[in-house]
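Hi,

Here is the structure I said I would pass on. Have a look at it first, and my notes follow underneath.

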Amino acid sequence: MKSTGKLFSALTLSLILALSLLPALPVLAAAFVTLDVFSGLPGTVQVSGGGWSPGETVSVYLGSVSGAPAATAPAGSGGSFGPLAVAVPANTPPGPLSVIALGSVSGEPQLNSFYVQPYLPGITVAGGGNTPGSSLLIHGQGYAANETVRFTLNGADMGQTTADAGGAFSGTATVPFVPAGNYLVRAEGQSSRAESSAYFYVGGFYPGITPSAYYILPTQALNFTGSGFAPGETVQITVDGSQTPLGAITADSSGSFSSAGAVTIPLSLAGIRTFRLLGLTSQAQAQVEVTVGGFNPQVTPSAYFSLPGSTVAFSGTGFAPGETVKVSDIQSQAEMAQFAVDAEGSFTALGSFAIPFDWAPGGRTLRLSGQVGGGETDVTFVVGQFNSLVSPSAYLVVAGQDLTFSGDGFAAGETVRVTESGHPDVLANITADGNGSFAAAGAFTVPFAWADTSRSFKLTGQTSRTEAAVTITVAQFVPLATPSDYYLLPGSQISFFGSGFAALENITVTRAGEAAPLAEITADAGGGFQNAGSFAVPFAWSGQQTLVLAGQMSGATLEMLITASAFNPQISPSSFYVKPGESVTLSGTGFAANEPVNVSLAGGKTVAVTADAAGSFAAAGPFPAGQGGTTLHLAAAGVNSAAKAEVDVPVGGLYPEITPDQWYVPSGRNILFSGYGFAPEEDVILTGEGNTVMATILTDLAGAFTNLLVKTGFGGNRQSVYAFRGTMSGAAAEAAITMAGLQPYVSLNTYYAAPGTAVLLSGTGFAADEPVTITLGSATVYAAADEAGNVTAAPITIPFDATGTAVSVTALGDNSGASGSTFLTLAPFTPQVMPSTWYTAPGSNLTFTGSGFAPGEAVAVAIGNAAVAAVNADESGGFITEPIKIPFGSAAADFSFTGNISHGVATVPVSLAELHPGIALSTYYDPGGTPLTIHGFGFVSVEPVIIAFGGQTLGTALSDDAGNLRGCAGRGGQFYRLRLPAGGNRRDYHRPDRRGRSA
C-alpha cells in the first residue's frame, strides 16, 4: 500500500511538471460550417460549426441569406454550435443547395453545399374491381416522407393517401364513372410534385337478375336478386314498357343485392309480365319474365252437420293476401259473417256464426266471396234437429231431499224449464252448456207432502222448444238409531248414530215422559248423523232409562233403552312404604268423568284435583310423613258422584350412611362427603373435633346429599372423627378419617445460574391453598399452593450479594409449617466484547457488541484510563454501543468495559492504522477559469478537508464513512465544483493535514 501511494504521487508530480513547461499559445481559428451528410433526398440535415464568437447567434439559410433563416442556434463558450436540425423542403429542385451560416456579431457568412437528389417515384395497381365505383389498391414508393399523394384517372379524382417516413404507401382509389377502355392512373406527391403513372383497363357493366318467384299472385310481394351493377347505385324497377317505377333497390359495394325491392303486384296485373331493372348511375339494365296468376279459393266448414244455435266457422286458402271475405246464405241472401285472411290468403276457424233456430233441417249452402281479389266459392252442410233426453239424480227419493236432472239434446246455452205434470209452477230453470247438455242441474227440494207418492216432470227448452219427461217415486221415512254406549256411568257423555230421518232436519232427544230436550241433532243431507246429540248422563239416573228421538220436519220418531251403572272407585299411593319426612302422592280411578275429587290425609292437608274423561287422576299431593307415627291414612271423595275410596301406608325408620371421597388424606387437604338415609329436605349438621360445627347441608327429596367440601386440620399420623346429625329426624352417622403429615419437595428450572438471574421454583406436598414463603439468600418472594398443594413456577431473582459456590433455596408453608429446600450453584460472569473492526485509523467510529454482563447493569467504556462512554446491558446481559470515536493523535486504542453490578471486565485492543491520503484531479492542464473536480482517498472517516490553491483556500469538503472524497463532497452532502483561478501558471492543489503538513 505504501509503495503504491508513493508511485502514484511520483507519476502525478512528473505529469504536472511536464505540462507546466509547455508554452501558453493563443488559439486563432476561422469560422466554419459542416453537415452530417452532403447529399440525399429532401429532409432533415444536421448542421454544425465552430470558430464563432462565444454566445453569438448563428443563423442557417438555404440557398441565399434572403428571407427568414431555416434555423438558428447560439454559439457555445468555445465558439461552436450544433448539431442543428435543418429541414430541406420536399419541393426543393434537384441539384446543389448552399447551406449558409451567418453570425449575428461577426457578420461573416460561412457556407457548405448539400446535393439534393431527385425523387424516383413508381406505382403499381393491385387487385380489386375494374368497373366504375369499384375500389383499387395502389402501392407506391420514391415519394417524399409523410407527404400526401393524390390519385387521378383521365383527370377525374380517385382519392388520396399519405406516404410513410420512407416515401412509400399503400392506398385505396375509387374507379370513376367513365366509358370502358384503357386509362392512365396517376399518383402525384402534393409536397414533392413527384409523379408516376400506370395503365388500367376500366370495364363495362353486364348485370343479371333473378326474381323471388316466377309465378305470383296479385297483392303478393316480388323481390329480386341481382349483380353486375355499379357499386352503391340506385336500381329502378319497371314493368313491361311503363316508365312509372314500381320500386327501387340500392346496390351494395360490389354492385349486388339480394331479396330486395319488395314490389307489391297490383290486382290489375295478370298474365306474363316483363320486369326491367335499370341502374340510374351506370345505365346498365336487365329484365326477366314473371307470370301473374288469378285467385281460386278452397274452403271447408268446421262441421258438415250442425244443430241450430251451434257455431260454424271456416278454414281455407286461395284468397288475396289480407283481403276481407264475406259469408252469405244463398237461400236468404243474408250476410252471415265477415273476416280478413292472412298475408298468404289463408285462414283457419274464421267467419264463425250461430245457425239460426228458424233454419229448417236439411242441406244449406253458403257463399264466401273475396272483396279484393274477387275469388269466391260455395260451401254446403246439413242443419240437424233436436232430440232431447233427461234423467233425474235418483228415481227413488226421500221428502226434503234435493232432486237434480241431467240431460242432452237441447240447444247450446238455452234455458230449460222444469215443471211438474199438470202444474204450471216452474220448479227450476236450467241453462244448457255449449253442447246442449247439463248434469246435476235444476236442483229443488222435494216437499214433505210428496212422501209415499209418484211424481212426473217435464223439461222444456225455451229456445229450441224441444221437450223431455221423467217420473220419480218419493219414499216414506223409516228412522233407525243407536247410542254410543248402552251401559255407562252417570256424568259420562252419551251420543247417537242414526239414519232414515229427513235431510238436514232437527231431531230432539228427550227422556220418556219428559218434555224438556236433553240434546238436539241435525241430520246430514242423507238424513243420517254420526256421534251427534252428546249430553252428560245425570248423576240422579240409576238403572234402565228410555230415550226418545223425534224428527221435527218429517215427524219420524223412535225409542231406545240405556242403563246408568254405579261407581266403584279405587286409589293407590306412589309408595306402600315411606320413611319419616318422605312424601307420597295418590292416584285414583273409577270416579265420574271430569269431576272434582278431594284427596286428603287424615290429620293433614286436603288437595283438590279433577278427574280426566275416564274418571281417573294421578300424582295428587304430595303428602309428607311426619318424624313420628306408624301409618298414613289417605282418602279420595268425588264431589259430583259422592264416590269414595281409602288406603293406609306404613311409615318406617331411618339408617343413614356417610361416605368420604378418601379415608387417608394429608393434613390441611379437602375431603368431599356424601350421605344418604336421612329425612327428605332436612338440614344435616357436621361437627368435628371438640364438637365444633363445621358445616350444614340440606338433603334432597330422597334424604341424600353429595359434594360436601371440608378442609382437614394440621398435624400428621392421627385420626379425626366427623359426625353428621339430621336436625328433624335426629338420625346420626360418623366417619373416621386418618390424616398423614406433609413432606414438601421443591425443584428449580436450573441449578446453575449467575447473580441477577431469575430462576423458577416449583413444589409439591404443601397444604391446599396455603401461602408459601420462598427464600434464596437475602431474597424472599411469596407464592400460594393450589387445591392439590402444588406451587407452580414461582420466580425468584438471585441477589448480587450471593457469595460462595452454592446458595440454599427454601419454600415454607405459612399454615402447615412444612418446608422443602434445595441448593443452587452460582455461575461466575464471563463478559465478552467484539468491536466492529480490529484495525482502523484515529478519528474513526467503532461500535461494540457485548455479552456475559449482569442483566440491566450499567457498563462503563474507557480507552486506557479515560472514560469515553457508558451503555446499559439488556435482560440477557448483552448490549450494542453507539458509535465511539477514537480521538485524533491516539497512539493506542485499548478499550475496557466494566459492569457496575457484576464488576465483570472485558478488554478489547484495537490496532491503529497510519493515514496515507491522496487526491486526483479531473484535469491537469486547462486554461484559467476552467471548472475542476477533485477526488480523494485515505482520509479519516467523516473529517473536514481544506482545499487550497497556491496558498489560497478555495473551500472545505467532508470525507465519507470510508474516508473518501467523491467530487469534493462537502458539508451537508454538497458538492464543490472548483474553478481554476485566471492565469496560465501551474499550481499545486493540497490540503493541510492535522499537523499542518501539505499532502
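**Strand β65 and its partners**

Val-759 in β65 has Ile-796 as its bridge partner in β68. Keep in mind throughout that this is a predicted model. The pairing of β65 with β68 (residues 791-797) is antiparallel and runs over 5 bridges. β65 also pairs with β63 (residues 745-748), again in the antiparallel sense, through 4 bridges. In that pairing, Ser-747 is matched with Ser-762 of β65.

The two faces of β65 (residues 758-764) are worth colouring separately. Val-759, Leu-761 and Gly-763 make up the covered face, while Ala-758, Leu-760, Ser-762 and Thr-764 sit on the uncovered one. Put together with the pairings, Val-759, the partner of Ile-796, belongs to the covered face, and Ser-762, the partner of Ser-747, belongs to the uncovered face.

**Around β46**

Next, go to β46, which spans residues 543-551. What does β46 pair with over 5 bridges? That would be β43 (residues 506-511), in the antiparallel sense. Within this pairing, Arg-511 has Leu-547 of β46 as its bridge partner. β46 is also joined to β47 (residues 557-564), by 8 antiparallel bridges, with Ala-550 standing opposite Thr-557 of β47. The hairpin of β46 and β47 has 5 residues between the strands, and Gly-555 there takes a positive phi near 75 degrees.

The residue I'd zoom in on here is Gln-545, which lies in β46. Is Gln-545 buried or exposed? Its relative accessible area is 7%, so Gln-545 counts as buried, the cut-off for that being under 20%. The side chain of Gln-545 makes a polar contact of 2.6 Å with the side chain of Arg-511. Leaving out residues up to four places away in sequence, Gln-545 touches Met-560, Leu-561 and Ile-562 as well as Arg-511. So Arg-511 turns up twice in this region: as the bridge partner of Leu-547, and in the polar contact with Gln-545.

**The three-stranded sheet and what surrounds it in sequence**

Further along there is an open sheet of 3 strands, in the order β71-β74-β77, with antiparallel pairing. Its edge strands are β71 (832-835) and β77 (879-880), each of which pairs on one side only. β74 (residues 848-851) is joined to β77 by 2 antiparallel bridges, and Gly-850 stands opposite Phe-879 of β77.

On the surface, Met-834, Trp-838 and Tyr-839 make a nonpolar patch of about 360 Å². Of these, Tyr-839 is placed in strand β72 (residues 839-840). With a relative accessible area of 54%, Tyr-839 is exposed.

The last stop is Pro-887, in the loop between β78 (884-885) and β79 (893-899). At 40% relative accessible area, Pro-887 is partly exposed. Which residues does Pro-887 contact, leaving aside its neighbours within four places in sequence? They are Pro-842, Gly-843 and Ile-863. Ile-863 is 24 residues away along the chain, and its C-alpha atom is separated from that of Pro-887 by 9.7 Å.

If you open the model with these spots in mind, I'd start with Gln-545 and its polar contact to Arg-511, then move on to the patch of Met-834, Trp-838 and Tyr-839.

Cheers

Conventions: Residues numbered from 1 in each chain as written. Predicted model: local features only at pLDDT ≥ 70, side-chain atom pairs only at ≥ 80, totals over all residues. Heavy atoms only, no water. Buried < 20%, exposed > 50% of the residue type's maximum accessible area, 1.4 Å probe, protein only. Contact = heavy atoms within 4.5 Å. Patch = residues over 30% accessible without salt bridge, like charges linked within 9 Å, V, L, I, M, F, W, Y side chains within 5 Å. Areas by Shrake-Rupley, 256 points an atom, 1.4 Å probe, with all protein chains shown as cover. Salt bridge = Lys/Arg side-chain N within 4 Å of Asp/Glu carboxyl O. Polar contact = N/O pair within 3.5 Å; in protein donor to acceptor, adjacent residues only side chain to side chain. Pairing = 2+ DSSP bridges.
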